[in-house]
Amino acid sequence: MAQMMKNTIPWPTIMVVISWYTSNIGVLLMNKYLLTNYGYKYPVFLTMCHMMLCSIFSYVGISVLDIVPLQSVQSKNQLFKICGLSVVFCFSVVCGNVSLNYIPVSFNQAIGATTPFFTAVFAYVVSRKREAWVTYCTLLPVVAGVIIASGSEPSFHLFGFIICVASTAARAFKSVLQAILLSSEGEKLNSMNLLLYMAPIAMLVLLPATLLMEGNVIRITIELAREDFRIVWYLLLSSSLAYFVNLTNFLVTKYTSALTLQVLGNAKGAVAVVISILIFQNPISMIGMLGYVLTIIGVILYSETKKRYT
């Protein structure tokens, strides 16, 4: 059996999957540690750091290391569409980071698992795309699970809950918009090239937002770095992981398939919940865990029915 697995799963694929899990869970835990345990209460500036490093790494990865061929923007109209996606992308990431100030990672992941529900809603509202009735039925346990988890969450915070729901909805809205706006063959961009264009735009959007919402954060960060230089390494690590999330997303799809990425995503939330509870020791309830399990079951059923009825 071991020999058969060795023959069927190449080592590069295994390493890519391990890297995907490490970067996805790592950035979540690192952000949580920075924003709560370390006490660095500047989620907008943190997100801007992410976008700045994503811009640099994307340029190096595509233009210097040639990870993927460069895809040029073909028109002003396409650039305008990318700008719109960047704004939604910004909003989603900022809200996700802000929510970590108020709610534990485990609850954040439970809410994030409802992405398919919002995707189905926006797909119908924006493009009138209908799913099979069975597919809509599978969304009931997705929503019910989060309602159960919310009602029994010991660390429930209303604002944190609302802002995390907003982040999840924005992430779903971006995927629907992307499918519509960049649907023509001439405008389609792979995820790495899309990040190359979106990250600098997102950084420009976040700069005035940072100055407006978090005031003297740059001066405060410099003063903090003089007292404790670890903050520089923490910001660099968090921002680097944010880039590697996107890179490994692309590589997992390249070495396996989009379906494999979806399956790994379903499992990732559960792994992140367990690890975060072990690290941060946040209180949990049995009913809350059952609610989260119900949500995951709903997501898996949703994925299966999408495959069968699409």
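These legends walk you through several views of a predicted model, starting with the whole protein and then moving to its details.

**Figure 1. The whole protein is built from helices.** Start by counting: the secondary structure comes to 13 helices and 0 strands. Reading from the N terminus, you meet one α element after another, in the order α-α-α-α-α-α-α-α-α-α-α-α-α. The C-alpha atoms fill a box of roughly 55 × 50 × 50 Å along the principal axes. How does the radius of gyration of the protein agree with that of a compact globule? A compact globule of 310 residues would have a radius of gyration near 19 Å, and the protein has 20 Å, so the two agree.

**Figure 2. A cavity lies inside the model.** A search of the whole structure turns up 1 cavity of 30 Å³ or more. The volume of this largest cavity is about 110 Å³. Its lining is made by 13 residues, and those nearest the centre are S106, F107, E153, G288 and M289. Which helices each supply at least two residues of this lining? They are α5, covering residues 105-112, and α13, covering residues 286-309. Sorted by class, the lining of the largest cavity has 8 nonpolar residues, 4 polar ones and 1 charged one.

**Figure 3. The second largest pocket has a lining without charged residues.** About 220 Å³ of space lies in this pocket. Look for F45, M48, C49, M52 and L53 in the lining, together with I218, T221, A225, V232, L235, L236 and S239. Helices α3, α10 (217-227) and α11 (230-255) each give two or more residues to this lining. Which element gives the most? That is α3, with 5 residues. By class, the pocket lining divides into 10 nonpolar and 2 polar residues, with no charged ones.

**Figure 4. A nonpolar patch sits on the surface.** Now turn to the outside of the protein, where M52, I56, Y59, V60, V64, L65 and I67 make a nonpolar patch of about 640 Å². You have already met one of these residues, since M52 is also part of the lining of the second largest pocket. Another member of the patch, Y59, lies in helix α3, which spans residues 43-64.

**Figure 5. A salt bridge links two residues of helix α10.** The structure holds 2 salt bridges, and this view shows the one between E223 and R219. How far apart are the closest N and O atoms of this pair? The distance between them is 3.1 Å. E223 and R219 are 4 residues apart in helix α10, so about one helical turn separates them. Helix α10 is also one of the elements that give two or more residues to the lining of the second largest pocket.

Technical notes. Residues numbered from 1 in each chain as written. Predicted model: local features only at pLDDT ≥ 70, side-chain atom pairs only at ≥ 80, totals over all residues. Heavy atoms only, no water. 1 Å grid on protein atoms, 1.4 Å probe; cavity = no way out; pocket = protein on both sides within 12 Å on 5 of 7 lines; lining within 4 Å. Points joined across faces, edges and corners; volume = space filled by probe spheres on them. Nonpolar A, V, L, I, M, F, W, Y, C, P; charged D, E, K, R; others polar. Patch = residues over 30% accessible without salt bridge, like charges linked within 9 Å, V, L, I, M, F, W, Y side chains within 5 Å. Areas by Shrake-Rupley, 256 points an atom, 1.4 Å probe, with all protein chains shown as cover. Salt bridge = Lys/Arg side-chain N within 4 Å of Asp/Glu carboxyl O. Rg over C-alpha atoms; globule rule 2.2 N^0.38 Å.
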